[in-house]
Amino acid sequence: MAKILINHLYKIYGKEKHAVVKDFNMEIKDKEFLVFVGPSGCGKSTTLRMIAGLEDITDGEIYIGDTLVNNLPPKNRDIAMVFQNYALYPNMSVFENIAFGLRLRKTPKHEIEQSVKRVGRVLEIEQYFSRKPKFLSGGQRQRVALGRAIVRNPEVFLMDEPLSNLDAKLRVQMRTEIIKLHKSLGVTFVYVTHDQVEAMTMGDRIVVMKDGVIQQVDTPEVIYSKPCNTFVAGFIGSPQMNFVKGRILENSKTKKLEFHTNRFALEIPENAVRAVIKNKQVNRVVTLGIRPENIGLEVLFSEVTIKGIYKLGELMGADRYLHLDIGEEQPLVVRVNPSAAFSPDEVVSLALDMSKVLFFNSETGERLIE
Amino acid sequence: MKKIIKLLKLLKLPVMDGFQILITIQLVIFSVFMLLPIVYIFNHALKPYSELFIYPPNIFVRNPNSQNFNELFLVAASSAIPITRYLFNSVFISVGSVVGITFVSILCAYPISKHKFPGHKIVFSIIILTLMFAPEAVQIPRYLVVSKLGIMNTYFGHFLPLLAMPVSVFLMKQFIDQIPDELIQAAYLDGAKEFSVFLYIIVPNCMPAVATVAILAFQASWSNIETSTLFMQDDEMKNFAYFLSTLTNNLTNNVARQGAAAAAALIMFIPNLFIFLFFQGKMITTMAHSGIKGSEKSGKKSE
């Protein structure tokens, strides 16, 4: 059993009282794969290092299992950590690197031999056992680092951007291997990354952080479809969600609420109307958010159409991203079939799936919810 | 030009442009110049008396013979204390100092580099500051310390004044700075205590610096006559370097025993040469590390 409980965690640096982590509260469930994601400097690594015991806690409490670990040294926390630069001991062979933790714990020799060989088989690094880390490729080093972590059978696994030093292809491969590893080991994983793709694909739950504050904690599906604010909405998903500012006005004829920009007006769907009214945003400026895949070229899934001027197209292979000028600061990005090609400044008519549209408070960035 | 390139290819040398060739030639000339004293020591030791005092001096000996060595052995044989005793003292003191200085330096450098305790910068600055004192300035205080400790005429009297070596602490600290913090943290997570980290991670990873410090320590103690002159009254406690210095010192006639001195200079020099040749590769690593810190560190991270 190794749930992790974090209560009112703070990390404050230096005399200027710069808070890197502010009032961090959460419970990480046993056997969960939890991902911390956020831009660099958001405090995700610091939080992880506080769980590991490598960083002092300014204020708050961390429990691993039922033990308060605030003052426990790292070695007594029953955790293992994989570092971004692998941190393999350059003076030791691969075998010794993996065995080092066991040796320090005075494990009998034959057990060390057995455990290291077992780990070697699982990670397919047996043939490199006698090599020094500097003669290994990045992917092999990564495996050794993982091996060093799993050989001790810890209750909690901490990973600090373990894939960011690998090339793109290897990263995808290692991603699936780590997921498999999590399934087979059945222990708690806490994973830090700045890559939203890693977060989406790997995590049971995702913690989105910004400036040391948790923005949202939820499953990847909820984070993607119902982000709690414009930061989360913009950070998760590629290409980014489109944001359009406009005013909510009542149509004098139909008596229905509409979203007005200086170029177009859109009728607001039923569920959104309730949220807008509840948050008293009628006659006020709000931010509309819509993902690029919820906009189409034909009147396919919606009758709601707007016009945009084609500026730029990015072919991604399976998709084409169109950048369109709709009279806002930011161009509207639309994800379409790669066969759709336009000439510059051509007027394109677009269909919006209004059921997927989200509204945010334009001042606080919070999503308007019922 | 084409002929030169052909020649370079024939000799399996890297092909260079004109400027690089110029620089290379210049460097070769410099290195030959740097080699001169060593060549001179070897030749000087083999010169007969007739050649020793020629002006201008010859670099290369014309009639090499072993006369100087014979003279040295004669002097040595006639001394009250057997020369082997001096040699034993020197070897014992040098080996002891090398081990002691290396150990003390690395023990001192590790916390300054990796455990940022309050005031670590001041401590390091003070250590560096001591480099500025001329040895003569500390002779009297050093004498007082040694005499108050009551270690006159003991081997401790030889070791102790050498033990604190700011240069080696500096080199060690700069080198340990290169070791990524993650390595130490990984060891903590693996269950290492402070001393295990030091022994299994820090020491093996700064072997180049250890080698450099060992060379410096050896040189400092092997040729050191200060401790023998000041702190040792008994002749059997003095070292080989001191014995050799007495060959020409305090003689009214400054021609006598010059041959023996030349042979002695060679004998003094040879251990230094071998130690340097043995450790030189590692020494160069250290010097490179302590100079360009930033680029080395980023290089390590990206690999």
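**Exercise 1. Place A:P239 and describe the peptide bond that joins A:S238 to A:P239.**

Step 1. A:P239 is found in the loop between α8 (230–235) and β11 (242–250) of chain A.
Step 2. The model is a predicted one. In it, the bond joining A:S238 and A:P239 is cis. Its omega is about -5°.

**Exercise 2. Do the same for B:P56 and the bond that joins B:Y55 to it.**

Step 1. Locate the residue. B:P56 belongs to the loop between α3 (49–52) and α4 (67–78) of chain B.
Step 2. Read omega. The value is about -5°, and the peptide bond between B:Y55 and B:P56 is cis.

**Exercise 3. A:A87 and A:N283 each have a positive phi without being glycine. Where does each sit, and is each buried or exposed?**

Step 1. Take A:A87. Its phi is about 50°. It lies in the loop between β6 and α2 (94–104) of chain A.
Step 2. Count its surroundings. A:A87 has 24 C-beta neighbours inside 10 Å. The cut-off for buried is 20 or more, so A:A87 is buried.
Step 3. Take A:N283. Its phi is about 70°. Its loop runs between α9 (270–278) and β14 (285–290) of chain A.
Step 4. Count again. A:N283 has 10 other C-beta atoms within 10 Å. Exposed requires 12 or fewer, so A:N283 is exposed.

**Exercise 4. Trace the pairing of β1 (4–13) of chain A with β4(A) and β2(A).**

Step 1. Start with β4 (59–64) of chain A. It runs antiparallel to β1(A), and five bridges join the two. A:I4 stands opposite A:I64 of β4(A).
Step 2. Move to β2 (18–28) of chain A. It pairs with β1(A) in the antiparallel sense over seven bridges. A:L9 has A:F24 of β2(A) as its bridge partner.
Step 3. Check the turn. The hairpin of β1(A) and β2(A) has four residues between its strands. A:G14 takes a positive phi near 65° there.

**Exercise 5. In what order do the six strands of the open sheet in chain A lie, and why do two of them have a free side?**

Step 1. Write the order: β6-β7-β8-β3-β9-β10, with mixed pairing.
Step 2. Find the edges. These are β6 (79–82) and β10 (213–218) of chain A. Each has a single partner strand, so one side of each has no neighbour in the sheet.
Step 3. Gauge the twist. Neighbouring strands are turned by 15° against each other on average, direction ignored.
Step 4. Inspect one end. β9 (205–210) and β10(A) pair antiparallel over five bridges. A:K210 has A:V213 in β10(A) as its bridge partner.
Step 5. Add the helix. α4 (138–150) of chain A lies across β6 and β7 (156–160) of chain A. It runs at about 175° to β6(A).

**Exercise 6. Which residues have the most contacts inside the largest nonpolar core?**

Step 1. Size the core. It has 152 residues.
Step 2. Name the residues. They are A:L158, A:V190 and B:M172.
Step 3. Find the main contributor. Helix α12 (207–222) of chain B gives the largest share, nine residues.
Step 4. List partners of A:L158, leaving out residues up to four places away in sequence. They are A:L48, A:I51, A:A52, A:I79, A:M81 and A:V190.
Step 5. Recall the background. Nonpolar side chains tend to be buried together in soluble globular proteins.

**Exercise 7. Describe the side of chain B that touches chain A.**

Step 1. Count. 15 residues of chain B are in contact with 17 residues of chain A.
Step 2. Assign elements. α10 (181–190) and α11 (194–205) of chain B each give two or more residues. The largest share, seven residues, comes from α10(B).
Step 3. Sort by class. This side has eight nonpolar, four polar and three charged residues.

**Exercise 8. How many of the nine residues of α1 (2–10) of chain B are buried?**

Step 1. The count is zero; the helix is hardly covered.
Step 2. Look past its end. B:K12 follows α1(B), and its phi is positive, near 60°.

**Exercise 9. Profile chain A and its annotated domain.**

Step 1. Chain A has nine helices and 20 strands.
Step 2. Its C-alpha atoms fill a box of roughly 85 × 45 × 35 Å along the principal axes.
Step 3. Of its 370 residues, 39% count as buried.
Step 4. An unreviewed UniProt entry lists residues 4–236 of chain A as "domain: ABC transporter". That span is 36% helix and 26% strand, and its end C-alpha atoms lie 25 Å apart.

How values were computed
Residues numbered from 1 in each chain as written. Chains lettered and ligands numbered in written order. Predicted model: local features only at pLDDT ≥ 70, side-chain atom pairs only at ≥ 80, totals over all residues. UniProt positions renumbered as here; feature names shortened; annotations may be inferred. Contact = placed C-beta atoms within 7 Å. Nonpolar A, V, L, I, M, F, W, Y, C, P; charged D, E, K, R; others polar. Pairing = 2+ DSSP bridges. Axes fitted to C-alpha atoms, helices over the stretch in contact; angles between N-to-C directions. Core = buried A, V, L, I, M, F, W, Y, C linked by C-beta atoms within 7 Å.
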